[in-house]
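Trainee: Could we go through this model together, one question at a time?
Mentor: Gladly; let us put it on the screen.

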Amino acid sequence: MPPTDASTDAGTAPITSLSSDTGPDTDSQDTLDLRLPDELVALFAEEAEAARGAERAAEHGGGKGTAKPGPVTPTVTPTGDDLLDGVGGWGPVAGPVGPFHLVLARIDRDLTLISRWMNDPAVAAFWELAGPETVAEDHLRAQLDGDGRSVPCLGVLDGTPMSYWEIYRADLDPLARHYPARLHDTGIHLLIGPVANRGRGLGSALLRAVSDLVLDRRPSCTRVVAEPDLRNTPSVAAFLSAGFRFSAEVDLPDKRAALMVRDRALRDVL
């Protein structure tokens, strides 16, 4: 599980989710190296083929169903990105804080910026990815060269990169050992980079916008989940403000976490 747990609204560290406070040599490696069971691989292949068949039928005027709306064609798509329905091509969304876009992270373009954020003491305390750029590079490359279950992105607000995100399959993560996971549960990790953007409610607004985006672009996903440290009250409050509900306390390897859940069925209520 990636090493994230902090609060943007607290003004001291970034909001996180679905992870334990471990470094890249422990649970983060476990997350990325976990092998998919053969039955899950077969299920994903069947779902993808069924979706393609529905789209072909709709294109030729056949079939009784309506084809699933396809995502914006991504400019760059990581290997295996079908596990998350093409995060890299979800496109920009309008929001109360301005136009926001999740852009697939690129090592050649974004490494220096992301590494600088990881070396902020408030961020490093939770992500544990401080150090030379190679530390952040290894963390990014493990995802970009992986099977697509975790996709690193830059959050670009009104044209300016200002946050780092990881969108990932929580049901395929070691976190699933600690709660009753459902197929296609999707997790979010977030850190707000610039200090000036922390502590003013921006994290809550972006968490709501991105969790909405997940539910819109991943019709098979019924829940977006997060697990900030239970002691991190500002982080838990930010998730609550973003439409998540407190589900349970969860004992993870290095912390006791608040399992936060945003349900598709309740997205217009909370």
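What follows is a set of questions and answers on the fold, its strands and some single residues.

Mentor: Before we start, this is a predicted model, where local features need pLDDT of at least 70, side-chain atom pairs count only at pLDDT 80 or more, and totals for chains, interfaces and linings use all residues. Residues are numbered from 1 along each chain as its sequence is written, and side-chain values use heavy atoms, with hydrogens and water left out.

Trainee: In what pattern do the helices and strands of the protein chain follow each other along the sequence?
Mentor: Helices (H or I, at least four residues) and strands (E, at least two) are DSSP runs, numbered from the N terminus. The protein chain holds seven helices and seven strands. Along the sequence, their order is α-α-β-α-α-α-β-β-β-α-β-α-β-β.

Trainee: What percentage of the residues in the protein chain is buried?
Mentor: Buried means under 20% relative accessible area, exposed over 50%, and partly exposed in between, with a 1.4 Å probe and protein chains only. The protein chain has 270 residues, and the buried share is 52%.
The accessible surface (Shrake-Rupley method, 1.4 Å probe; for residues, only the protein chains shown count as cover) is about 11,400 Å², and the part belonging to carbon and sulfur atoms is 55%. So, back to your question: the buried share is 52%.

Trainee: Among contacts between residues at least 6 apart in sequence, what percentage joins residues at least 24 apart?
Mentor: A contact here means heavy atoms within 4.5 Å. With residue pairs at least 6 apart in the protein chain taken as the whole, the share joining residues at least 24 apart is 66%.

Trainee: Why is strand β4 described as largely enclosed by the rest of the structure?
Mentor: Look at the two sides of β4: Thr 186, Ile 188, Leu 190 and Ile 192 point one way, Gly 187, His 189 and Leu 191 the other way, and all are buried. Strand β4 covers residues 186-192, and it is largely enclosed because the number of its residues that are buried is seven of the seven.

Trainee: Which strand pairs with β4 in the antiparallel sense?
Mentor: Two strands pair if DSSP finds at least two bridges between them. In β4, Gly 187 is the bridge partner of Tyr 168, and Thr 186 is the bridge partner of Arg 169. Over seven bridges, the antiparallel partner of β4 is strand β3, residues 160-169.

Trainee: And what is the handedness of the crossover from β4 to β5?
Mentor: β4 pairs in the parallel sense with strand β5 (residues 223-226) over two bridges, and Val 224 in β5 is the bridge partner of Thr 186. The chain goes from β4 to β5 by way of helix α6 (residues 202-217), as a β-α-β crossover. A crossover is called right-handed if, with the strands pointing away from the viewer, the path from the first strand over the helix to the second runs clockwise. This one is right-handed.

Trainee: Which residue in the turn of the β2 and β3 hairpin has a positive phi?
Mentor: Eight bridges join the antiparallel strands β2 and β3, with Trp 165 in β3 as the bridge partner of Cys 153. Most residues other than glycine have a negative phi. The hairpin has two residues between its strands, and the turn residue with a positive phi, about 50°, is Asp 158.

Trainee: Is Glu 128 exposed, partly exposed or buried?
Mentor: Glu 128 is in the loop between α4 (121-127) and α5 (133-144), and has a positive phi of about 55° although it is not a glycine. With a relative accessible area of 38%, Glu 128 is partly exposed.

Trainee: What is the relative accessibility of Ala 257?
Mentor: Ala 257 sits in strand β7 (residues 255-263). Leaving aside residues up to four places away in sequence, Ala 257 touches several others, among them Glu 227, Pro 228, Ala 248 and Leu 252. Ala 257 counts as buried, because its relative accessibility is 0%.

Trainee: How far apart are the C-alpha atoms of Ala 238 and Arg 208?
Mentor: Ala 238 lies in helix α7 (residues 233-241) and is buried, with a relative accessible area of 1%. Ala 238 and Arg 208 are 30 residues apart along the chain, and their C-alpha atoms are separated by 9.6 Å.
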